[in-house]
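The following paragraphs lead the reader through the structure shown here. They treat the sheet, a helix residue and two loop residues in turn.

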Amino acid sequence: MKSELRRIGALAAGLSVLAVSGCSPTAPGTPGPASSTSSTTTPSGNTAPKVSNPKTLNGIAPCQLLTTQQLADLGATPRSQPKPDTTATGDPSCMWENNNVTVVLAPLIKTGKGIEQTYLSKDNYSFFQPTTVDSYPAVLVDKQKLSCGMFLGVSDTQELSLTVVVTGKDNPDASNPCAFPPKVASAALKNIPAGQ
């Protein structure tokens, strides 16, 4: 189990490294946040949607993004206390895990580009599927057999990174791990205040 924890930690770390370096993920299933770039334009068709109802991740501890009830509803009640951490970019993160699923959330606020940052590095992902969650723009990335990542634009300058690993057959999304991040994102959105 400790090796699995290290693997999940590596997945989440790879996510934040991409936000700064623009490299592709180093571990399968790691959604890598987009690279920082000085360009403010994107190629036609790659422009991220604007957030019409902005929220703010400022001052929110990542381990407070999901309530005990929400975790139970998601089948993600952790075996122990959530594990706070810091991403390679210095943004805070939190991990919950049990025998069926691991969830890592990281508010990404340092780039100041929101989900546009993810669109700027679209070519770094082997899987890139724009979607929405409760009318907020999102992108599913790096779909693997057991894992999937998602970036959720909460404002035009901030995004929430999600990494899920579905390891248990008791999770209804075991055969399609990319079905799980939107459920987690929807729950987390309820705990993020309006802002910006």
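In this predicted model, helix H4, formed by residues 180-189, lies across five strands: E3 (101-108), E4, E5, E6 and E7. Relative to E7, the helix runs at about 135°.

The sheet itself is open and consists of 7 strands, arranged in the order E1-E2-E3-E7-E6-E5-E4 with antiparallel pairing. Its edges are formed by strand E1 (83-86) and by E4, each of which pairs on one side only. On average, and with direction ignored, neighbouring strands of the sheet are turned by 20° against each other. In general, the strands of a sheet pair through backbone hydrogen bonds, in either a parallel or an antiparallel manner. Within the present sheet, E6 and strand E7 (residues 159-166) are paired in the antiparallel sense over 7 bridges. Phe 151 has Ser 161 of E7 standing opposite.

Attention now turns to a residue of another helix. Gln 70 belongs to helix H2, which spans residues 68-74. Is Gln 70 buried or exposed? Its relative accessible area is 12%, and Gln 70 is therefore buried, the cut-off for this class being under 20%. Which residues does Gln 70 touch, when those up to four places away in sequence are not counted? They are Leu 65, Ala 187, Lys 190 and Asn 191. With two of these residues, the side chain of Gln 70 makes polar approaches: one of its polar atoms lies 2.8 Å from the backbone oxygen of Ala 187, and a polar contact of 2.7 Å joins it to the side chain of Asn 191.

Two loop residues deserve comment for their backbone geometry. Most residues other than glycine have a negative phi. Ser 135, although not a glycine, has a positive phi of about 75°. This serine is placed in the loop between strand E4 (128-133) and strand E5 (136-141). Asp 142 likewise has a positive phi, with a value near 50°, and is a residue other than glycine. Its position is in the loop between E5 and strand E6 (147-153).

How do these two residues stand with respect to solvent accessibility, buried or exposed? Ser 135 has a relative accessibility of 56%, and because the exposed class begins over 50%, Ser 135 counts as exposed. Asp 142, by contrast, has a relative accessible area of 4% and is therefore buried. Thus a positive phi is found both in the exposed Ser 135 and in the buried Asp 142.

Conventions:
Residues are numbered from 1 along each chain as its sequence is written. This is a predicted model: local features need pLDDT of at least 70, side-chain atom pairs count only at pLDDT 80 or more; totals for chains, interfaces and linings use all residues. Side-chain values use heavy atoms; hydrogens and water are left out. Helices (H or I, at least four residues) and strands (E, at least two) are DSSP runs, numbered from the N terminus. Buried means under 20% relative accessible area, exposed over 50%, partly exposed in between (1.4 Å probe, protein chains only). A polar contact is a pair of N or O atoms within 3.5 Å; within protein, one must be able to donate a hydrogen and the other to accept it, and residues adjacent in sequence count only if both atoms are side-chain atoms. Contact means heavy atoms within 4.5 Å. Two strands pair if DSSP finds at least two bridges between them. Axes are lines fitted to C-alpha atoms, for helices over the stretch in contact, and angles run from 0 to 180 degrees between N-to-C directions.
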